[in-house]
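Student: I have a structure to read and some labels I do not follow. Please show it, and I will ask about the labels.

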Amino acid sequence: MPPREPSLRERALRLLAGREHSRAELRTKLLAHARKRAAHAAAEAAAPGHWGSGWEGDPFGDAAPPAASPSPEDLGGVDADALAAEVDEVLDWLQAQRYQSDERFIESRLNSRASRLGLTRIRQELARHGVELDQDTARTLRQSEVDRAREVWRKRFGQPPTDLRERARQMRFLAARGFSGEVVRQVLAGDVEQHD
């Protein structure tokens with residue numbers, strides 16, 4: 001007997017046990033899981049049972065499964081809106097129990113990424129997860145951006161560029177990590193040391 005598919009709630013708790021998730025990210029994953037479960041249930045319902053009337057061409061139940069498994073759109077009569085409502089209900093329960101919190105997700109992301117990334121890149125990453133920074137946090141990150149960029153630059157390069165080619169390389173490196181052009185110029189011009 002194949003193992004039982006985990007419920008949406010079990011699936012969500014397993015995902016959250018691994019790391020924090022934003023509500024939007026968790027919703028996407030749970031919807032995919034719900035669709036997969038519904039498609040699997042539809043395929044099970046369409047396949048002849050082990051004890052059913054297997055005499056219609058497969059007396060011993062050894063026939064191969066149907067050639068085409070149901071598509072995600074064909075969910076055996078299960079409404080996509082019903083699946084979304086079921087997922088939203090699970091998400092509401094998770095938030096009520098404080099198992100999932102967008103604020104905690106943002107805090108977790110900032111703790112792991114802010115020391116290496118600029119404000120632009122942090123905002124982009126959070127937007128991919130369906131959340132955004134509040135103004136106070138953005139202001140705090142903006143105020144520390146020069147110091148963070150200098151530390152990232154120091155760990156990677158440690159010495160000022162010796163020619164234009166090296167300067168461009170260092171600028172691209174910092175810009176790719178989401179630091180603003182003004183911050184990059186300050187770090188490479190040595191303006192930061194003058195303020196210390």
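Student: Where is Glu 166 placed?

Tutor: Glu 166 is in helix α7 (residues 164-176). Helices are DSSP runs of H or I with at least four residues, numbered from the N terminus. The model is predicted, so local features need pLDDT of at least 70 and side-chain atom pairs pLDDT 80 or more, while totals for chains, interfaces and linings use all residues. Residues are numbered from 1 along each chain as its sequence is written, and side-chain values use heavy atoms, without hydrogens and water.

Student: What makes the pair of side chains of Glu 166 and Arg 169 a polar contact?

Tutor: A polar contact is a pair of N or O atoms within 3.5 Å; within protein, one must be able to donate a hydrogen and the other to accept it, and residues adjacent in sequence count only through side-chain atoms on both sides. The two side chains make such a contact at 3.1 Å, so the pair fits the definition.

Student: Why is His 33 called buried?

Tutor: Buried means under 20% relative accessible area, exposed over 50%, and partly exposed in between (1.4 Å probe, protein chains only). His 33 has 4%, so the residue is buried. His 33 belongs to helix α2 (residues 23-46).

Student: How do you know that the buried residues of α1 line one face?

Tutor: The buried residues of helix α1 (residues 8-18) are Leu 8, Ala 12 and Leu 16. Seen down the axis, they fall within an arc of 65 degrees, so they line one face. The arc is taken from the directions from the helix axis to the C-beta atoms. On the other side of α1, Arg 14, Ala 17 and Gly 18 are exposed.

Conventions
Helices (H or I, at least four residues) and strands (E, at least two) are DSSP runs, numbered from the N terminus.
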